[in-house]
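Please open the model in your viewer and keep the sequence panel beside it. The tour moves from the whole chain to single residues, and each stop says what to select.

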Amino acid sequence: MRLVLASEGSAEANAAASLLIAGARRDEVSVTVLSVAALGGSSHGWPPDYLKEAVARDLERAEKTAAAVSDRLARSGFRTTARTGNGHPGTEVLRELEREDVGLAVLGYGTHRWLGTRLLGSTGSYVLQEAPTPVLLVHRAPPSLEHLHVLVATDGSPGALAAASMVPTLLDPARCSLEVVSASVMPPTWAAAVDSGLVAPYVGSALTPDAFEELIGAERAQTETIASRTAEQLRAEGFRTDVQALFGPVKSSLLRETEYGHFDLVVVGSRGLGPIRRALMGSVSEAMVNHTPATLVGRRRSPSGED
């Protein structure tokens with residue numbers, strides 16, 4: 001697989017390179033390192049005389065950044081290519097993704113700025129919304145360059161399955177341990193009843209305690225089945241994989257699991273299916289992107305090109 005790593009030399013972009021070094025398949029992944037000279041452009045008369053020196057410095061910075069990151073990855077065993085672009089970083093990243101056989105966009109994100117433009121608020125979200133490929137956004141580097149601890153969140157939807165399918169394509173089973181998680185979407189009253197052990201005050205008299213327990217049992221079994229199916233597929237690819245079924249609000253449950261489990265990377269789909277048994281992964285993926293060290297957002301494109 002060929003991926004594009006966008007870098008402007010920030011700590012977050014370097015963290016993205018570190019994550020690849022820690023867990024990506026060096027034998028099968030090739031990396032195009034793209035650095036964009038944001039002051040550049042191709043319009044007639046650009047740049048004006050008073051900006052020519054600044055534009056030249058910006059291009060030199062982009063060339064040096066691409067070369068340095070490319071060299072770092074090459075020394076770790078990756079096949080690399082260094083490229084520069086001119087103009088809007090998001091547009092240049094998408095242009096690079098349109099090249100043949102590119103399967104993933106990788107960007108650092110955070111509170112830093114790309115020549116005055118906040119990356120997460122503009123370039124990162126723009127690429128995440130418009131990219132024809134899955135997108136990996138990285139905020140913090142993993143603590144080790146030899147191992148990744150990865151959480152794969154699934155609800156059984158096409159988007160979640162597409163995200164999980166990226167794992168064996170991108171990650172090295174010898175250097176990654178996985179936990180596959182599925183979260184049950186219970187109404188708040190159900191969760192309160194489960195936590196308290198009191199059915200009537202939260203669910204009402206329409207359900208007896210036995211009927212409620214049967215309903216919850218079926219929901220638990222369905223959630224565990226969804227996680228187990230994905231886990232078995234990943235074990236068949238050689239990954240060490242645990243399974244976890246979570247119950248409660250999906251976003252907070254996944255965020256809590258990510259924090260308590262000290263995961264370096266979360267893999268989610270771009271959206272899910274349906275109410276009770278499926279998490280709405282669109283909002284979940286947004287929460288993961290904003291609050292975890294790194295998130296790989298997979299997507300399944302329809303024939304029309306829409307998610």
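What follows is a walk through the fold, one pocket and a handful of residues.

This is a predicted model, in which local features need pLDDT of at least 70 and side-chain atom pairs count only at pLDDT 80 or more, while totals for chains, interfaces and linings use all residues. Residues are numbered from 1 along each chain as its sequence is written, and side-chain values use heavy atoms, with hydrogens and water left out.

**The whole protein**

Begin with a cartoon view, where the secondary structure comes to ten helices and twelve strands; these are DSSP runs numbered from the N terminus, helices being H or I runs of at least four residues and strands E runs of at least two. Of the 307 residues, 50% count as buried, where buried means under 20% relative accessible area, exposed over 50% and partly exposed in between, with a 1.4 Å probe and protein chains only. Switch to a surface, and about 14000 Å² is exposed, with carbon and sulfur atoms supplying 51% of that area; accessible areas come from the Shrake-Rupley method with a 1.4 Å probe, and for residues only the protein chains shown count as cover. Among contacts (heavy atoms within 4.5 Å) between residues at least 6 apart in sequence, 79% join residues at least 24 apart.

**Helix H1 and strand S2**

Select Ala16 in helix H1, residues 11-23, which is buried with a relative accessible area of 0%. Its C-alpha lies 5.5 Å from that of Gly108, although the two are 92 residues apart in sequence. Not counting residues up to four places away in sequence, Ala16 touches Leu5, Val106, Leu107, Gly108 and Val138.

Next select Thr32, in strand S2 (residues 30-37), which is buried at a relative accessible area of 1%. Its side chain is joined to that of Arg2 by a polar contact of 2.9 Å, the term meaning a pair of N or O atoms within 3.5 Å, of which, within protein, one must be able to donate a hydrogen and the other to accept it, and residues adjacent in sequence count only if both atoms are side-chain atoms. Beyond four places in sequence, the residues that Thr32 touches include Leu5, Thr81 and Glu96.

Then move to Leu51, in the loop between S2 and helix H2 (52-75), which counts as partly exposed at 23% relative accessibility.

**Strand S9**

Select Ser177, in strand S9 (residues 176-184); it is buried, with a relative accessible area of 15%. Which side chain makes a polar contact with the side chain of Ser177? The partner is His147, at 3.2 Å.

**The second largest pocket**

Now show the second largest pocket, which holds about 200 Å³ of space. Of its 13 lining residues, the closest to its centre are Arg140, Thr258, His262, Phe263 and Pro293. The largest share of the lining, three residues, comes from helix H9 (residues 250-261).

Finish on His262, in the loop between H9 and strand S11 (265-269), which counts as exposed at 62% relative accessibility. Its backbone has a positive phi of about 55°, although His262 is not a glycine. Most residues other than glycine have a negative phi.

Terms used: 1 Å grid on protein atoms, 1.4 Å probe; cavity = no way out; pocket = protein on both sides within 12 Å on 5 of 7 lines; lining within 4 Å. Points joined across faces, edges and corners; volume = space filled by probe spheres on them.
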